Amino acid sequence: MNPHLLFWIPAGLRLSFILAGAGILWYFFGHLVGLMAAVGGLCTLLIVQLHYLYKLSDWLNDPSSSRLPDGWGAWTDIFSRLYKLRRGDEKNQAELTEWLTRFRQAMSLLPDGVVIMDDVLFLEWCNPAAERHLGLRLDRDKGMRVTNLIRSPEFMDYIILGRYGQPLTLSLRERKLIVQIIPFENRRQILVTHDATETERIEMMRRDFIANASHELRTPLTVINGFLEIADSQPDLDVKTRMAHLKLMMEQGQRMQNLVEDMLTLTRLESVEYPLRPERVNIHALLEQIHQEAMALSAGRHKVTLEIDGPDIMGGAEELRSAFSNLVSNAVRYTPQEGSIHIAWQMKEQGPQFMVKDTGIGIRPEHISRLTERFYRVDKSRSRETQGTGLGLAIVKHVLLRHDALLAIESEPGQGSTFIVKFPQKAIGDV
Ligand code: ADP
């Protein structure tokens with residue numbers, strides 16, 4: 001039925017009942033009684049209405065603390081509709097709170113920073129990543145102007161120029177950040193921050209590596225080209241000089257080959273496409289072979305000894321061979337004639353370990369932490385004289401990383417060095 005009729009018919013009926021009752025009393029007992037009955041009935045109706053009005057006003061003051069009464073007449077419908085509205089409101093509120101909690105959780109897990117600001121850059125909200133990147137603290141900085149919080153001339157220029165279509169690279173608190181402002185709604189802006197420090201570092205390493213590798217390859221190439229030019233311009237050079245030139249060219253060719261091979265080994269070791277496939281490594285046979293190679297490289301100039309007192313391990317045989325042989329050949333190359341080199345495989349409490357001890361030139365302490373960097377050499381000319389590529393210890397580092405092993409270096413200049421590779425207990429596996 002029409003809701004207006006639903007309201008007016010009962011109200012009209014109630015009034016008619018009062019007036020009809022008063023009329024009957026008027027008829028039987030005279031006009032005074034009739035009037036009094038009419039006034040009494042209307043007053044009662046008024047008091048009832050006022051009572052429910054009071055209840056409604058009381059409930060509106062604090063809807064959550066008191067219950068709505070059941071009501072009477074039209075009030076029953078009003079109260080029931082208000083109750084339904086309130087239930088709907090509570091449901092919406094609960095949904096909104098849940099959604100907000102989920103949004104905050106997602107935002108706090110985000111590796112990128114998000115800052116919400118108003119149209120004049122006052123901070124309204126930010127996630128933990130933005131706090132880390134920009135040095136903000138939401139509880140302390142809320143309501144402050146972002147340009148007062150991020151003190152960087154580049155950022156100020158970015159705001160002044162307002163070229164928000166492009167991201168800005170910012171150096172802030174020893175980080176490289178990529179930031180961008182995105183306007184949204186009419187009166188709000190989002191500042192997004194991305195930490196590019198690691199990417200930048202990798203990119204710089206890549207650039208350095210290419211520059212170093214080109215430099216390393218250019219030197220032998222220049223030498224070879226030089227001799228080729230001499231051969232071309234002086235065809236009647238005597239055989240002895242020509243043979244000497246050829247020997248030098250072959251040495252440089254060999255140097256380039258070593259370099260390219262080491263670079264390829266490093267690339268392979270770093271590549272995720274070549275995961276380590278552990279196999280049983282016959283340490284005895286491997287070290288015997290390395291011992292023989294060391295003696296051949298030394299050509300009788302050193303005393304090279306081998307001691308094996310430990311179990312076989314699980315690992316990449318070829319990779320371990322490459323790492324161990326790099327360490328042993330370094331010991332031979334950096335130990336003057338008559339010196340001694342001791343190679344040992346031992347079982348220690350924390351796991352098996354490989355050790356190469358030499359009585360060579362030693363290394364000053366300030367160089368030790370940098371030795372495993374690519375192309376890092378303490379003495380460039382000595383490394384080149386002995387066919388060093390500057391990549392040997394970088395290869396060792398990568399092989400050990402893949403085997404969860406650690407490299408310890410002890411050295412005293414003029415006295416000698418000890419390189420120890422410590423494997424974890426689990427390397428023994430169930431061999
Ligand atoms: P390289 O091909 O130059 O030997 P490596 O990466 O194998 O490159 O070694 C890096 C540097 O560490 C060497 O240039 C050398 O200065 C130093 N080094 C490595 N092993 C020894 C050692 N046993 N004794 C002294 N210095 C060493």
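## Where the ligand sits

In this predicted model, the ligand occupies the largest pocket. The elements that each contribute two or more residues to the shell around the ligand are helix 11, helix 14 and strand 12. Helix 11 is the biggest contributor to that shell, with 3 residues.

How much of the ligand does the protein bury? On its own the ligand would expose 530 Å², and the protein buries 98% of that area.

## Who surrounds the ligand

There are 22 residues around the ligand, and those that come nearest are Tyr334, Ser383, Thr389, Gly390 and Leu393. By class, the shell around the ligand holds 10 nonpolar, 8 polar and 4 charged residues.

Three polar contacts are worth a look on your screen. In one of them, a side-chain N or O atom of Arg333 is 2.9 Å from an oxygen atom of the ligand. Gly390 takes part through its backbone, with an N or O atom 2.8 Å from a ligand oxygen. Leu393 likewise places a backbone N or O atom 2.8 Å from an oxygen atom of the ligand.

## The largest pocket as a whole

Now let us turn to the pocket itself. The largest pocket has a volume of about 1100 Å³. Its lining is made up of 42 residues, and Asn326, Ser329, Asn330, Arg333 and Gly392 are the closest to the centre. Arg333 is thus a residue to select for two reasons: it is among the lining residues closest to the pocket centre, and its side chain has an N or O atom 2.9 Å from a ligand oxygen.

Which elements supply at least two residues each to the lining of the largest pocket? They are helix 9, helix 10 (283-298), helix 11 (317-333), helix 13 (380-385), helix 14 (392-402) and strand 12 (416-422). Helix 11 gives the most to this lining, with 11 residues, and helix 11 also gives the most to the shell around the ligand. Sorted by class, the lining of the largest pocket has 15 nonpolar, 16 polar and 11 charged residues.

## The second largest pocket

The second largest pocket holds about 380 Å³ of space. Of the 14 residues that line this pocket, Arg201, Met205, Asp208, Glu373 and Arg374 lie nearest its centre. Helix 8 and helix 14 are the elements that give two or more residues to this lining. Helix 14 therefore turns up in the linings of both pockets, if you follow the definition of an element used here.

Which element gives the most to the lining of the second largest pocket? That is helix 8, with 6 residues. The lining of this pocket divides into 5 nonpolar, 3 polar and 6 charged residues.

## One enclosed cavity

How many cavities of 30 Å³ or more does the model contain? The count comes to 1, and the largest cavity has a volume of about 30 Å³. Glu216, Pro220, Arg255, Leu259, Gly388 and Thr389 line this cavity. Thr389 is also one of the residues that come nearest to the ligand.

Helix 8 (197-233) and helix 9 (239-270) each supply at least two residues of the cavity lining. Both helices have a part elsewhere too: helix 8 in the lining of the second largest pocket, and helix 9 in that of the largest pocket. By class, the cavity lining is split into 2 nonpolar, 2 polar and 2 charged residues.

Notes. Residues are numbered from 1 along each chain as its sequence is written. This is a predicted model: local features need pLDDT of at least 70, side-chain atom pairs count only at pLDDT 80 or more; totals for chains, interfaces and linings use all residues. Side-chain values use heavy atoms; hydrogens and water are left out. On a 1 Å grid over the protein atoms alone, a cavity is a set of points where a 1.4 Å probe fits but cannot get out, and a pocket is an open set with protein on both sides within 12 Å along at least five of seven lines; lining residues have an atom within 4 Å of a point. Grid points are joined across faces, edges and corners, and a volume is the space filled by probe spheres set on the points. Helices (H or I, at least four residues) and strands (E, at least two) are DSSP runs, numbered from the N terminus. Ala, Val, Leu, Ile, Met, Phe, Trp, Tyr, Cys and Pro count as nonpolar, Asp, Glu, Lys and Arg as charged, and the others, Gly among them, as polar. A residue is near a molecule or strand if one of its heavy atoms lies within 4 Å of it. A polar contact is a pair of N or O atoms within 3.5 Å; within protein, one must be able to donate a hydrogen and the other to accept it, and residues adjacent in sequence count only if both atoms are side-chain atoms. Accessible areas come from the Shrake-Rupley method with a 1.4 Å probe; for residues, only the protein chains shown count as cover. A molecule sits in a cavity or pocket if more than half of its atoms lie within 2 Å of its grid points.
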